[in-house]
Amino acid sequence: MARLIFLALAVLGIAQKPWLVNDPLDRDGCERMQQYAEQLTEGMARLVQAVEETNQQQSWVALGALLFTALKQWQFWALVKLLVLVFGLCCWLRKRSREPGSSNSEHGSSTREEENNDDGDDTDEDGDSDDSWDLGRVWADSTQWPAPCMADKCQMVEELVEELLGACRRLSGNCLFNPRLQPAIGIGCLYEGWSAREDNVLYRLLVPMRPPPGHAFHPELGAEGETPARKPGLRVELECACVRECLVGDMLCFLHHSEDELRRRQEPSLLRTLCSGSYLDVEKTTCWFQALVKAAWERLPQSHHCHLTVLPSRRSCKIRLASTSKSTLSIEFTLGVQMDNSDSFLSLE
């Protein structure tokens with residue numbers, strides 16, 4: 001390529017040099033040399049153009065290779081970012097699923113099925129299983145009640161439950177040493193079954209309990225790392241009631257009277273009725289409350305046109321109300337105790 005360029009330049013230099021002869025033959029030769037020089041000039045131009053095109057093609061190839069390499073790197077980093085995003089999303093979902101109260105109404109069907117299986121398939125694998133307490137805290141200012149889409153129905157349920165619990169208090173007042181039922185607290189609403197109809201809504205409420213006179217409730221959550229591990233429970237303890245005995249005179253102090261005298265003159269304490277040992281028995285207390293609700297409903301005027309059915313459950317009171325117009329209403333009561341005068345409760349389930 002360098003030789004061709006040198007030859008072309010030499011010919012151009014010779015062609016452009018003036019001739020000092022006047023011979024016609026020399027003039028003809030000069031014209032031929034001039035034509036030959038023009039042809040060489042055109043050939044040189046085409047050659048230069050071909051070289052430029054070759055260099056341009058090579059530059060485009062190099063640029064394409066560079067872009068392809070960058071594209072491969074971009075795809076790699078995009079894949080890395082996508083994997084990091086998926087991993088973070090999985091961690092967030094797992095953390096949220098472990099938080100208390102994370103379940104909502106859209107998971108109602110599976111939740112109810114699991115609870116029904118637990119109610120029907122509980123076994124006595126360990127002797128203290130009936131005395132265990134659910135450690136989940138239920139806040140009094142729960143945002144799940146009333147449900148935004150059924151506020152009117154929730155208000156109607158609250159009024160009906162308050163009337164029913166009032167009848168329960170009057171009945172349980174016949175025995176001085178039964179747990180004292182407090183106003184119910186709405187927990188939430190769940191859909192039972194596969195359809196989201198109004199008749200399939202389960203209204204869940206917490207019924208706090210206070211100890212009867214001469215008794216005290218002491219929730220025990222169990223200590224971590226304790227050997228052997230102690231299960232949580234509600235310990236019931238007798239307290240001195242001598243002041244009440246003197247001022248009111250409706251009871252004898254359990255601590256300062258003999259057992260024979262207490263047996264003859266007073267009803268048995270809560271430790272002898274609804275407890276197993278020193279702890280409140282979950283199943284005994286639930287059975288007592290179910291019978292109380294059933295008896296109290298018969299005293300309400302609504303019982304004339306609405307039938308109440310207590311559904312089988314060992315750790316909560318589930319009732320279903322069916323009216324003469326075939327409409328139904330399902331309510332679940334969960335018993336609980338207040339934690340140290342705070343807004344949180346331990347639910348008995």
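Y191 is partly exposed in this predicted model, with a relative accessible area of 22%. If you would like to find Y191 in the fold, look in strand β3. Its C-alpha atom is 6.1 Å from that of L202, although 11 residues separate Y191 and L202 in sequence. A value of 22% is not under the 20% cut-off for a buried residue and not over the 50% needed for an exposed one, so Y191 falls in between.

From here we can step back to the whole chain. The protein chain has eight helices and 12 strands. It contains 349 residues, and 34% of them count as buried. Taking the contacts with a separation of 6 or more, 61% are between residues 24 or more positions apart.

Strand β3, spanning 185–191, also takes part in covering helix α4. Helix α4 runs over residues 151–172, and its 22 residues should span 32 Å at 1.5 Å a residue. The C-alpha atoms at the two ends of α4 are 31 Å apart, in agreement with that expectation. Which residues of α4 are buried? They are K153, C154, V157, L160, V161, L164, L165, G166, A167, C168, L171 and S172. The cover over the buried residues of α4 includes strands β2 (180–181), β3 (185–191), β4 (201–210), β10 (317–323) and β11 (328–338), as well as helix α8 (282–297).

Helix α8 is a good place to go next. Its 16 residues should span 22 Å at 1.5 Å a residue, and the distance of 23 Å between its end C-alpha atoms agrees. At the N-terminal end, D281 acts as a cap for α8, with a side-chain oxygen 3.0 Å from the backbone nitrogen of E283. The buried residues of α8 are V282, T285, T286, W288, F289, Q290, L292, V293, A296 and W297.

Two residues of α8 show what this helix packs against. V293 belongs to α8 and has a relative accessible area of 0%, so V293 is buried. Beyond its neighbours within four places in sequence, V293 is in contact with L164, C168, L308, C317 and I319. L164 and C168 are themselves among the buried residues of α4. The pair V293 and L164 lies 129 residues apart in sequence, yet 7.3 Å apart in space from C-alpha to C-alpha.

Q290 is also in α8, and it is buried, with a relative accessible area of 14%. What does the side chain of Q290 reach at 3.1 Å? The partner is the backbone oxygen of S316. With neighbours up to four places away in sequence left aside, Q290 is in contact with V310, L311, S313, S316 and C317. C317 is also on the contact list of V293. Between Q290 and F333 there are 9.4 Å from C-alpha to C-alpha, and the two are 43 residues apart in sequence.

F333 and S316 bring us to an enclosed space, since both are among its lining residues. Rolling a probe the size of a water molecule over the atoms shows where empty space is left. How many cavities of 30 Å³ or more are there? The count comes to one. The largest cavity holds about 30 Å³ of space, and its lining consists of T286, F289, R315, S316, C317, F333, T334, L335 and L348. The elements that supply two or more residues to this lining are α8 and β11, and β11 gives the largest share, with three residues. Sorted by class, the lining has five nonpolar, three polar and one charged residues.

Beyond α8, the loop leading to β9 (306–311) contains Q302. Is Q302 buried or exposed? Its relative accessible area is 18%, so Q302 is buried. Leaving out residues up to four places away in sequence, Q302 touches L160, E163 and W297. L160 is one of the buried residues of α4, and W297 is one of those of α8.

Two more residues round off the tour. E261, in helix α6 (residues 259–265), counts as buried at 18% relative accessibility. It touches L252 and Q266, not counting residues up to four places away in sequence. K326, by contrast, counts as exposed at 71% relative accessibility. K326 lies in the loop between β10 and β11, and has a positive phi of about 75 degrees although it is not a glycine.

Technical notes:
Residues are numbered from 1 along each chain as its sequence is written. This is a predicted model: local features need pLDDT of at least 70, side-chain atom pairs count only at pLDDT 80 or more; totals for chains, interfaces and linings use all residues. Side-chain values use heavy atoms; hydrogens and water are left out. Helices (H or I, at least four residues) and strands (E, at least two) are DSSP runs, numbered from the N terminus. The expected span of a helix is 1.5 Å times one less than its number of residues. Buried means under 20% relative accessible area, exposed over 50%, partly exposed in between (1.4 Å probe, protein chains only). Contact means heavy atoms within 4.5 Å. On a 1 Å grid over the protein atoms alone, a cavity is a set of points where a 1.4 Å probe fits but cannot get out, and a pocket is an open set with protein on both sides within 12 Å along at least five of seven lines; lining residues have an atom within 4 Å of a point. Grid points are joined across faces, edges and corners, and a volume is the space filled by probe spheres set on the points. Ala, Val, Leu, Ile, Met, Phe, Trp, Tyr, Cys and Pro count as nonpolar, Asp, Glu, Lys and Arg as charged, and the others, Gly among them, as polar. A polar contact is a pair of N or O atoms within 3.5 Å; within protein, one must be able to donate a hydrogen and the other to accept it, and residues adjacent in sequence count only if both atoms are side-chain atoms.
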